[in-house]
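Me: I am new to this structure and would like a close look at a single part of it. Could you walk me through one helix and its neighbours?

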Amino acid sequence: MTTLTPPGTAPAGPTGAPPRARGPRPGARPRTGAPAQGGTILAVPALVWYLVFMVGPMAAIFVIAALHWPGMLQPVSFAGLENLRTVLDDPVFWEAVRNTAVHLAVALPVMIVCAYMVGYYVAQRPPGHRVIRYLLFIPGLISTPAKAMVFYAALSPDGLLNGALESVGLTSLTDAWLASPSTALACLIALDIWAGIGFTAVLFAARLGSVPGELGEAAQLDGAGHWRTMWRVHFPVIRDYVGVVTMLQFLWTLFGSAQHVLLLTQGGPGSSSTTLSFLVYQKAFIAADLGYSQTVGVLLFLVGLAGLLTIRRVFRPHH
Amino acid sequence: MKLGKGWIPAHLLVWGYAVLLIVPLYYFLASAFKSNEEIFAHPFAPPTSLGFDNFVTAFTSAQLGLAVVNSLLVTGLALVLTLALAVPAAFALARSTSRLASAMEKVFSLGFLIPTFAALFPTFLLAAVTGLFHSRTFMVVFLPATAMPLSVVILVQFMRTIPREMEEAARMDGASTFAVLRHIYTPMCLPGIATVLLLNFLTFWNEYLYSLVIIGPDPAQRTVQVALPTLKAITGTDYGVLTAGTVLTLVPVWVVYTVLQRRMQQALVSGAVKM
């Protein structure tokens, strides 16, 4: 960045410019008047806030994971890797790992592929695309408890889905969807896909809208259909963007599932719908085994990190 | 590009999905004005009368009125605090070219990779230690921290577009740093501030897990998102009341979305990916 101002009049000169050698003016607030670093000090409150309330608790996870702490008011002792051993020996933990793996392996690809295709569709501006766009934002606007209410109304034993099945004579297919071990996890996955496609599609549509139109037209002249254009022409152009969106959805699905599980199935029946992030919640606030909870938290963090790196590698542009 | 016959399946699939999005909302809106019997007999029929009985029940049984006030308070104060922290920070980072400033900016943009829920329990401890446990106050203080990375990064991008000559001219007239922020940067990046406000309004209003754990069940303190699921336990399966309560929590978001549709859409799109 360049500036025409001679150093000395502006506090934020180019790199290396000496800060103004003048004390705070009487009119200015003391900290805003401080010339050091061209007012960088103004960023300190935000940074402190962020470190204290976000980074601090994040670091605390690693400490608590090494403690034996059987409840808020119980005595705390150092446990080292003992919690890790307990967690790895616990069949519930492995069931949660399996559930999380299924959850991610189904929800994430379906969500991203469908959202990309819907996004491509909207970006072509077909008739009614404004209405579609308006509707696609809906899942991005409503809160998790409200989404859970929607699924509760649809899937509870006397809910919409069973009502619909009965009215077409398929009574034998009705089920207590959220309370059945074989479908509880599927319901949670359905919720993520239902809510995830809409908003992700809007993001893709917005990004596809900035891809030059000639690109698609050239492909069409060469005789490529929309299917080919969508995957072979447009996809490579926004590949890295798709990667970033996939990362965000990955993190959201991995960590956010706790809320849906808590609101809809409480992890049950048994532990058939317990995901890793719900296990963290459940062990901390229901079972009061804090060392266990935060050990899973650490593992979850590592899974998140590994997932991010993998996704980045997958979406790295081919050169 | 021309959309030929080959697009019919695409039209059907996309509109089918759109129907899946709109039907639950319609169902909720319609059911909020119906009794349980009507809901089960004709789930998708429009309500026959526009009685507000369900809303009244939802209001009284889960004390939703109080919860709405709490949510408005928490959301409003947290937004003010977010701006108070993020605007000066973005101002400093956008203008400074020092190495320290760019390191700070890095720290904020890495913040996108910290999922908010990860540190639920340690945050809960922090609330207990500071003595702000079981109160709205902690949420007012805490929520801006979660919003800091996104808010700062968005505002920095807006402020970088402001020509430096504007500031230099003001400096000639003897304006202080604070005056530059107040009279040049703030008015000129109002669209950025609006984006930050809209995005954070949504996240703060919709926040659930932290509010549940930290504010707890006290009806005098809890927010509407915490109060809403309790309706299920209180009313059993009175769908009329349940849906009326849900509709109530959606009203503020809906009003804002409808009034500021274009701006809100832009805000959501720009806020989702800033890495």
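Reply: Here is a friendly look at one helix of chain B and the two helices packed against it. This is a predicted model, where local features need pLDDT of at least 70, side-chain atom pairs count only at pLDDT 80 or more, and totals for chains, interfaces and linings use all residues. Residues are numbered from 1 along each chain as its sequence is written, with chains lettered from A and ligands numbered from 1 in the order in which they are written.

Our helix is α13 of chain B, residues 239-259 (helices are DSSP runs of H or I, at least four residues, numbered from the N terminus). Within chain B, helix α12 (residues 224-235) packs with α13(B) at about 175 degrees, their axes 9 Å apart; axes are lines fitted to C-alpha atoms over the stretch in contact, and angles run from 0 to 180 degrees between N-to-C directions. The two are therefore roughly antiparallel (angles over 145 degrees). On the α13(B) side, the contact includes B:V241 and B:G245, and on the α12(B) side B:L228 and B:L231; residues are in contact if their C-beta atoms, placed from the backbone, lie within 7 Å.

From chain A comes helix α7 (residues 144-155), packing with α13(B) at about 155 degrees with axes 10 Å apart. This pair is therefore roughly antiparallel too. From α7(A), A:A146, A:M149 and A:A153 take part, meeting residues of α13(B) that include B:Y239 and B:L250.

More broadly, 88 residues of chain A are in contact with 80 residues of chain B.

Technical notes: Two residues are in contact if their C-beta atoms, placed from the backbone, lie within 7 Å. Angles under 35 degrees count as roughly parallel, over 145 as roughly antiparallel, 65 to 115 as roughly perpendicular and the rest as oblique.
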